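Here is my note for anyone opening this structure for the first time. Keep the 3D view beside you and follow the points in order.

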Amino acid sequence: MAPILPIDNPTLPFWRTELDELDTLRTTASLPAESDIVIIGAGYAGVTLAYYLLKQLGHETNTTTPKITLLDARQICSGATGRNGGHLRPDIYGHIPTYIERHGLDSAIEIAEFEYAHMQALKDLLVEEQISCDFNITRNMNVYLSEEGGERARQAYEKLLAQGVAVARDLHYTSAKNAEGISGVKGAKACLSYTSGTLWPYKLILGLLHRIAGSPALNVQAQTPVTAVTPSGEGGHLIHTPRGVLRAGRVVYATNAYTAGLLPEYAKNIVPCRGICSHIALPAGHDAPFLPYSYVVVTKEGGGGSYLISRPDGSIIVGGAHFTFKKEKELWYGVVDDGTLIEPTQHYYDDFMQRTFKGWEKSGAYVKEIWTGIMGYSYDSHPHIGQVPNKPGQYICAGFNGHGMPVVLLSAKGLAEMIATGKTFEETETRMPRVFKTSAERIHKAQTGPEGGDILGK
Ligand SMILES: Cc1cc2nc3c(=O)[nH]c(=O)nc-3n(C[C@H](O)[C@H](O)[C@H](O)COP(=O)(O)OP(=O)(O)OC[C@H]3O[C@@H](n4cnc5c(N)ncnc54)[C@H](O)[C@@H]3O)c2cc1C
């Protein structure tokens with residue numbers, strides 16, 4: 001398979017309108033010839049993995065070769081992480097009933113608790129590393145615009161409580177009588193709120209990179225696409241790039257949507273899928289109510305609705321609207337072009353705030369930036385973490401869907417522990433949900449099962 005690489009001229013997301021000095025970091029002018037570990041991909045997964053590996057392995061190096069080399073095809077954090085909705089929304093409800101049916105209660109609870117733990121883990125990390133990224137803790141309002149949607153939400157919520165899913169106690173259900181008043185969404189028929197966070201993802205990643213970039217054990221090389229990984233003949237690996245070949249003891253694929261370009265066996269497991277997101281601002285002199293919550297507005301059409309966060313400056317990040325283009329598969333499924341918009345949706349957000357929120361009718365709110373990004377959707381909904389089957393010394397940390405913010409951090413921490421200590425997936429102290437473990441069985445299921453699995457079933 002030809003490498004599936006990020007394209008050269010992507011749309012401009014709001015998050016990348018204030019670039020950091022490390023955006024195109026190359027620690028050295030040329031690539032290091034050798035590394036203990038090469039991480040491919042410098043988004044949320046790659047940078048947090050480098051951070052936790054350095055914590056595990058130490059920052060010292062006693063040779064001229066770095067311990068870790070971090071490569072990215074484009075600029076740092078220019079993939080999904082730099083183009084997302086900035087919404088840290090642990091799933092303690094949405095998909096959990098399905099996971100209970102598929103994997104049993106214990107496994108589903110592991111996922112809900114793992115995601116929920118990201119709230120505290122991220123908060124602790126930001127305090128420890130003194131990173132400023134507009135982080136806020138709020139409540140996400142799932143707002144249902146149809147009575148049936150609201151009723152389904154209520155039943156699912158009550159069932160989770162009855163089944164003993166402890167984190168589901170954080171959920172708060174509001175029925176039709178107060179739904180509009182509480183959420184501020186016109187025509188709301190019900191809402192369900194739970195703890196969530198909002199942040200500037202690019203500033204999180206670049207902030208973390210600042211903490212590690214000076215380490216003699218790390219070499220970062222932006223704008224260096226990896227075109228192939230081949231055996232070196234000495235038990236190691238050769239990492240091929242247009243700038244030369246690196247020799248690596250171990251390789252980690254933090255390549256998310258693009259993973260199949262280097263690991264073709266994952267082509268059915270992790271599929272590049274395009275999404276759209278926008279930044280809505282107010283014209284000078286205009287005002288609108290500050291929205292104290294983050295949101296998912298589930299439209300009458302269903303199909304995902306829109307996720308939305310408010311920024312401290314009163315502007316809004318909103319995206320999704322999958323239902324507006326879902327049927328036109330060629331516009332999003334298997335698509336790596338984040339240089340163009342998704343046509344049916346490019347004006348959907350033009351007057352979204354006026355249409356949706358009480359008090360915003362005369363706000364003059366307008367779309368200031370709109371962009372696309374490529375997600376790595378997973379066939380069975382779960383990321384792939386751990387050792388690549390049948391490829392000793394190769395690891396994967398990818399397949400985070402449109403939902404990486406409450407999943408990546410502790411997955412990277414767990415994988416770093418595996419790589420640094422030689423522990424198995426199950427032995428790590430960072431207890432990752434068992435269904436996240438990559439395996440030959442999961443790969444095979446996607447290769448032989450119905451086209452698209454959960455991705456096209458959504
Ligand atoms: C429009 C949109 C909205 C989203 N909204 C949210 C949200 O609100 N909340 C949420 O939780 N999640 C959201 N997501 C999903 C979330 O952004 C991702 O799950 C998460 O960022 C994945 O992080 P990552 O590091 O695995 O991937 P990425 O950030 O994509 O990083 C992968 C990196 O690998 C590099 N790479 C790939 N192949 C190669 C190669 N061959 N050689 C060198 N480098 C390579 C890429 O350039 C890229 O920088 C959204 C995603 C999109 C696109």
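1. Start with two neighbouring strands. Strand E9 (residues 237-241) runs antiparallel to strand E10 (residues 244-253), and 5 bridges join them. One pair to click on is His240, whose bridge partner in E10 is Val245. The link from E9 to E10 is a hairpin through 2 residues. A word of caution before going further: this is a predicted model.

2. Now look at what comes before E9 in the chain. Strand E8 (residues 228-231) is joined to E9 by 4 bridges, and these two also run antiparallel. Val229 is the residue to pick here, as it stands opposite Ile239 in E9. E8 and E9 make a hairpin too, with 5 residues between them. In that turn you'll find Gly233, with a positive phi of about 90°.

3. Back to E10, which has further partners. Strand E1 (residues 34-40) pairs with E10 in the parallel sense, over 6 bridges. To see this pairing, find Glu34 and look across to Arg247, its bridge partner in E10. Strand E17 (residues 394-398) pairs with E10 as well, again in the parallel sense, over 3 bridges. Val251 is a handy marker there, with Gln394 as its bridge partner in E17. While you have these strands on screen, a general reminder: side chains in a regular strand alternate between the two faces of the sheet.

4. Another pairing deserves its own look. Strand E11 (residues 270-281) and strand E15 (residues 366-378) pair in the antiparallel sense over 12 bridges. Cys277 stands opposite Trp371 in E15. How many of the 13 residues of E15 are buried? The count is 10, so E15 is largely enclosed by the rest of the structure.

5. If you're wondering about the cysteines, the disulfide count comes to 0. Cys77 is in no disulfide, and the nearest cysteine sulfur to its own, that of Cys133, is 11 Å away. For Cys277 the story is similar: no disulfide, with the nearest cysteine sulfur, that of Cys77, 13 Å away. A disulfide would need the two sulfur atoms within 2.5 Å. Is Cys277 buried or exposed? Its relative accessibility is 1%, so Cys277 counts as buried.

6. Cys77 is worth a second click for its backbone. This residue sits in the loop between strand E2 (68-71) and strand E3 (87-88). Its phi is near 55°, a positive value in a residue other than glycine. Cys77 also counts as buried because its relative accessibility is 1%, and the cut-off is under 20%.

7. Asp134 makes a useful companion to that point. You'll find Asp134 in the loop between helix H3 (residues 105-129) and strand E4 (136-144). Asp134 is not a glycine, yet its phi is positive, at about 55°. Its relative accessibility is 30%, so Asp134 counts as partly exposed.

8. Within H3 itself, have a look at Glu110. Which residues does Glu110 contact, leaving aside its neighbours within four places in sequence? They are Met432, Pro433 and Arg434. Compare that with Ile137, which is 27 residues from Glu110 along the chain: their C-alpha atoms are separated by 22 Å. At 23% relative accessibility, Glu110 counts as partly exposed, because buried would require a value under 20%.

9. Finally, the second largest pocket, which holds about 320 Å³ of space. Two helices each give two or more residues to its lining: H2 (96-103) and H9 (440-448). The largest share, 3 residues, comes from H9. The lining has 13 residues, and those nearest the centre of the pocket are His103, Asp380, His382, Arg442 and Lys445. What does the lining look like by class? There are 8 charged residues, 3 polar and 2 nonpolar. As general background, rolling a probe the size of a water molecule over the atoms shows where empty space is left.

Technical notes:
Residues are numbered from 1 along each chain as its sequence is written. This is a predicted model: local features need pLDDT of at least 70, side-chain atom pairs count only at pLDDT 80 or more; totals for chains, interfaces and linings use all residues. Side-chain values use heavy atoms; hydrogens and water are left out. On a 1 Å grid over the protein atoms alone, a cavity is a set of points where a 1.4 Å probe fits but cannot get out, and a pocket is an open set with protein on both sides within 12 Å along at least five of seven lines; lining residues have an atom within 4 Å of a point. Grid points are joined across faces, edges and corners, and a volume is the space filled by probe spheres set on the points. Ala, Val, Leu, Ile, Met, Phe, Trp, Tyr, Cys and Pro count as nonpolar, Asp, Glu, Lys and Arg as charged, and the others, Gly among them, as polar. Buried means under 20% relative accessible area, exposed over 50%, partly exposed in between (1.4 Å probe, protein chains only). Two strands pair if DSSP finds at least two bridges between them. Contact means heavy atoms within 4.5 Å.
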